[in-house]
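Me: I'm new to this one and would like a close look at a single part. Could you walk me through it in plain words?
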Amino acid sequence: MDTQPSIIVTGASSGIGAYCARALKEEGWRVFATARKPADIAALEAAGIEAFYLDYREPDSIAALVEAVLARTGGRLDALYNNGAHAQPGAVEDLPVDALRQQFEANVFGWHDLTRRIVPVMRRQGHGRIVNCSSILGLTPVKWRGAYVASKHALEGLMLCLRAELDGSGIHVSLIEPGPIESRIAPNGLDWFLANIDHEKSVHRQAYEAQLARMRGGGSKSRLKLKPDAVHRVLRHALLSRRPRPHYVVTVPAKVGVILKRILPASLLYRILASQA
Ligand SMILES: NC(=O)c1ccc[n+]([C@@H]2O[C@H](COP(=O)([O-])OP(=O)(O)OC[C@H]3O[C@@H](n4cnc5c(N)ncnc54)[C@H](OP(=O)(O)O)[C@@H]3O)[C@@H](O)[C@H]2O)c1
């Protein structure tokens, strides 16, 4: 790496991305962080971070980001942290196709687009780290979250194939799989729910009451919910370790989920998961 390593961090307006962008900057990284609202871009700049507009659903914004960053670094980039995403709640049978499409545009296709623009840069320089914030819901299904679960499962498959294809190139690909982390993901999800799910006409309308209360209250109240620094800790390992891991599972509930998936028959695992949400 150069003396000052460089990284793109997406979705840095709140939650995990906001924390990680600032923490990496403190640790000496040259951070190129992205957000969507002018006020969020200004807040990042006020923290001394080079900030850019990026919406993963807009290919032009991805191209513009890559061009601007590479112009500043002289065509180099040490690391990419794909993080920006939204979570579309709602039962699969209530989910309009376009809502599922939006979910994949934001959480999968945009990540793919940005990543494949950065891979040639890393190949030229002979090294790089690509870290993706997946979720425990990329490994296990939970009801009412079909769109988000599907997007994170797709991401797992895509990035694990990329990882295998980059073997020996000096470019390492990792996935972070958090369980509950303090952020704005639930309140942001409320907007997506209200925009796309006709909950009052749904056969699931009673179950949605609990979902609505959870989202309006800022997400799950689990005592096992961690702050974004827990993700930053494993992100550092994925960025700096000589042997970055393919998977970083964060929080006790996520670790329990992975263990249960390994040891339980599928039907029993799915019954337990279905009783949770
Ligand atoms: N919090 C958890 O419990 C949890 C658990 C597992 C995985 N994750 C993952 O962690 C990552 C960060 O989420 P978070 O929990 O920190 O939630 P958050 O506070 O809602 O932050 C999400 C970030 O992504 C940005 N974003 C949303 N849609 C985008 C798009 N189309 N293009 C570019 N950026 C977009 C948001 O920008 P705006 O402010 O402009 O909307 C925001 O900066 C996500 O990949 C999420 O799936 C979170």
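How many bridges join strand β5 to strand β6?

Reply: One thing before we start: this is a predicted model, where local features need pLDDT of at least 70 and side-chain atom pairs count only at pLDDT 80 or more, while totals for chains, interfaces and linings use all residues. Residues are numbered from 1 along each chain as its sequence is written, and side-chain values use heavy atoms, leaving out hydrogens and water.

Now, your pair: β5 (residues 128–133) and β6 (residues 171–178) run parallel, with six bridges joining them. (Strands are DSSP runs of E, at least two residues; helices are runs of H or I, at least four; both are numbered from the N terminus.) Look for Cys 133, whose bridge partner in β6 is Ile 176. On to β7, which also runs parallel to β6, joined by four bridges; there, Pro 178 sits opposite Val 250.

Zoom out and you'll see seven strands in an open, parallel sheet, ordered β3-β2-β1-β4-β5-β6-β7. (Strands pair if DSSP finds at least two bridges between them.) β3 (50–53) and β7 (247–250) are the edge strands, each pairing on one side only. From one strand to the next, the twist averages 15°.

And what lies across your two strands? Helix α4 (residues 97–125) does, crossing β1 (6–9) and β4 (79–82) as well as β5 and β6, and running at about 170° to β4. (Axes are lines fitted to C-alpha atoms, for helices over the stretch in contact, with angles from 0 to 180 degrees between N-to-C directions; contact means heavy atoms within 4.5 Å.) Helix α4 has a packing partner too: α3 (residues 59–73), at an angle of about 30° with the axes 10 Å apart. Among the residues making that contact are Ile 62 and Leu 70 of α3, plus Leu 114 and Val 121 of α4.
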